[in-house]
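Please examine the model shown below, which can be read one helix and one sheet at a time.

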Amino acid sequence: MRTTTVRDSETGFITVRLSGLLSRTTASTVRAAVGKAAAECPAAVLVDLSALGRDASGQLTTLATASYRAHGAWGVPVLFYGGAADIARELVAYRSFVIHHADRDQALAAVRSYVPRWLRRRLGPVPANARAARRLVDEACTAWNLPAVREDARIVVTELAANAILHAASDFEVVVCCSSRYLRVAVQDASTVMPRAVEPGIEHGRGLHLIAAVSTHSGATRIRGGKIVWALLATDRQPNPLGGTVTS
């Protein structure tokens, strides 16, 4: 089983292409590929089944399980498309968990009808653009009524933007999106050097520690020509009268 992941910065969607035979042996590979894509909390995950076949043991419950887990853990919709006629017919039995469309255009039309909460801005590597990144986060939290995570999201994007400006020294993209469970704040830059937490000093080294302290999950993803550093903040937080936020 071969899996290919494609991130679309124009839409905020991730496409996972499955090529090969679905079997008991390859089921875990399929679940892992869909789960890893969903864990980035994109606006949606689209799964291309056009090159997927099955052997005698290939159970379509694998796709239902992957979709169910993605929505349950991350609140991310998963849409499948392009499956062979027999696969499409049998997926009807799992319609509570699986949404299958005939082709990519239908899947895109369906996911866009959800009006995904997603904003993106490309910025240059100058210190003033850390402020511009914060403004994007403010815009998102205001538009999506997320006051409880606003300050922590500002901390996250400030540190991510500062790292891109200081270390990558390239244009960078700030992406803010929201699933039903998490606000995702991410910065993509052109450096292939992955972030590494160090012992914080007086002036440097605090960024990743701050991000880890205020976020629910955080990480970095290698991509062609650079990386994406991201953090997730649970949207079920309630305002803390003593300052900061707590998670219910």
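In helix 6, the buried residues (under 20% relative accessible area with a 1.4 Å probe, protein chains only) are D152, A153, V156, V157, E159, L160, A161, A164, I165 and A168. An α-helix has 3.6 residues a turn, so residues three or four places apart point the same way. This is a predicted model, in which local features need pLDDT of at least 70 and side-chain atom pairs count only at pLDDT 80 or more, while totals for chains, interfaces and linings use all residues. Residues are numbered from 1 along each chain as its sequence is written, and side-chain values use heavy atoms, without hydrogens and water.

Helix 6 comprises the 19 residues 150-168 (helices are DSSP runs of H or I, at least four residues; strands are runs of E, at least two; both are numbered from the N terminus). Its first and last C-alpha lie 26 Å apart, close to the expected 27 Å (1.5 Å times one less than the number of residues). Just after helix 6, A169 has a positive phi of about 50 degrees.

Helix 6 lies across strand 7, strand 8 and strand 10, and runs at about 10 degrees to strand 8 (angles from 0 to 180 degrees between N-to-C directions, with axes fitted to C-alpha atoms, for helices over the stretch in contact, meaning heavy atoms within 4.5 Å).

An open sheet of 5 strands has the order 6-7-8-10-9 with antiparallel pairing (at least two DSSP bridges between two strands). Strand 6 (117-123) and strand 9 (217-223) are at the edges with a single partner strand each, so one side of each has no neighbour in the sheet. From one strand to the next, the twist averages 15 degrees. Strand 7 (residues 172-178) and strand 8 (residues 182-189) pair in the antiparallel sense over 6 bridges, and E173 stands opposite Q188 in strand 8.

Terms used. Buried means under 20% relative accessible area, exposed over 50%, partly exposed in between (1.4 Å probe, protein chains only).
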